[in-house]
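Thank you all for coming; I would like to take a few minutes to walk through one model with you. Please have a look at the sequence and the coordinates on the screen before I begin.

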Amino acid sequence: MAHSDSDPPLLNHYGTLLCHSTQWDEPQTRVTMEECQLPLIDLCDLGSDDEMVRRACAAAICKASSEWGFFQVVNHGISSQLVENMRSQQVKLFRAPFETKATSGLLNNSYRWGSPRATCPNQFSWSEAFHVPLTKVSDEACYGDFKSLREVMTCFAAAMSELSRLLAGILTENLGHWKQASISNICDETTCFLRLNHYPACPISPEIFGLVPHTDSDFLTILCQDQVGGLQLMKDSKWVTVKPNKDALIVNIGDLFQAWSNDVYKSVEHKVVSNATTDRYSTAYFLCPSYDSLIESFVKPSIYRRFTFREYREQVQEDVRKTGYKVGLPRFLLKGSEDLTTTTTESNTRLYIPSITAKS
């Protein structure tokens, strides 16, 4: 297996876990389905002069968020040139020597690789990433020798932020929450993130995750990926492989929106599988509230108890530290609400179609 000085020591860490592990902690019993197409939504329709077209587009966003928890959008307002520039700068960054990435404080010292808390192979992610707070994206001091990355990343983050708030607004209005709460009022740059991912080729085993199965601890995530593929999500108790679309961005619902919507929207388990021969790159934007924001459903009876984003993060981190796995929303279920989850989901299948004003 070829190794360059830019690669993190993934093989060494994985080998150590393999030697000390007596078994795979999570049985590989789920069957991977064939490659499929996520619901595809043309956001150009939101700017239509025809109100029915606008309403139908908003309804499609809400329906996909309820039935899949994932969808893809085209005509999203982020130019292909900006996407290409971001990707080329990202590749250049990850090709820097490992020591430079790990020790020079790049991008707010946000570099990470593998899974430091993994205790067995099934908790290990064959990847490296920079997880950058939005407040640091425009900070010149964060970029070191990668000055050209700053302008591109600043523009990209701003465009992703605008898109995330547009989608979150539609999803919020569908719940009737716009009267009581606004995503814009509780989400700001201090807790939103841009994550640059690199999944090096991994020829040693097809069972190694590029990113372990998980749900996202945010309101929603927007993903810009290359054409290598590898993203899979759980649909009808089976793993579905997502077919890449070069013109689309992928949007998925996070845990907070599931709790806020009382399970109308679904935060779906997903993962990245490693590729034996080809490196994969992606960039994800995470829309998060301020740490002291209260997360609660305005629909009663509520399935989950009230909690702050800070409390949720701390619980997730504690579970990962103790068990190696994220538990997530089940920790916050109210007593007896296990019986409500099915009936609540069924009773909320009728989606309110908001009135969308045409974009200028």
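I will go from the overall make-up to a helix pair, and then to a few single elements and residues.

First, the basis: this is a predicted model, in which local features need pLDDT of at least 70 and side-chain atom pairs count only at pLDDT 80 or more, while totals for chains, interfaces and linings use all residues. Residues are numbered from 1 along each chain as its sequence is written, and side-chain values use heavy atoms, with hydrogens and water left out.

The protein has 11 helices and 15 strands, where helices (H or I, at least four residues) and strands (E, at least two) are DSSP runs numbered from the N terminus. Of its 360 residues, 52% are buried, meaning under 20% relative accessible area with a 1.4 Å probe and protein chains only, with exposed set at over 50% and partly exposed in between. Taking contact as heavy atoms within 4.5 Å, residues 24 or more positions apart account for 80% of the contacts with a separation of 6 or more.

Now to the helix pair: how do H2 and H7 pack? Helix H2, residues 51–67, meets helix H7, residues 147–175, at an angle of about 80°, and their axes are 10 Å apart; the axes are lines fitted to C-alpha atoms over the stretch in contact, and angles run from 0 to 180 degrees between N-to-C directions. H2 is therefore roughly perpendicular to H7, a label that covers 65 to 115 degrees, with under 35 roughly parallel, over 145 roughly antiparallel and the rest oblique. On the H2 side the contact is made by Ala58, Ile61, Cys62 and Ser65, and on the H7 side by Leu167, Ile170, Leu171 and Asn174.

Helix H3, residues 80–94, has 15 residues that should span 21 Å at 1.5 Å a residue, and its end C-alpha atoms are indeed 21 Å apart; the expected span is 1.5 Å times one less than the number of residues. Among the buried residues of H3 are Arg87, Gln89 and Gln90, alongside Leu82 and Phe94.

Ile183 lies in helix H8, residues 183–186, and counts as buried because its relative accessibility is 4%. Leaving aside neighbours within four places in sequence, Ile183 is in contact with residues including Arg165, Phe219 and Trp260, and its C-alpha is 7.7 Å from that of Pro289, 106 residues away in sequence.
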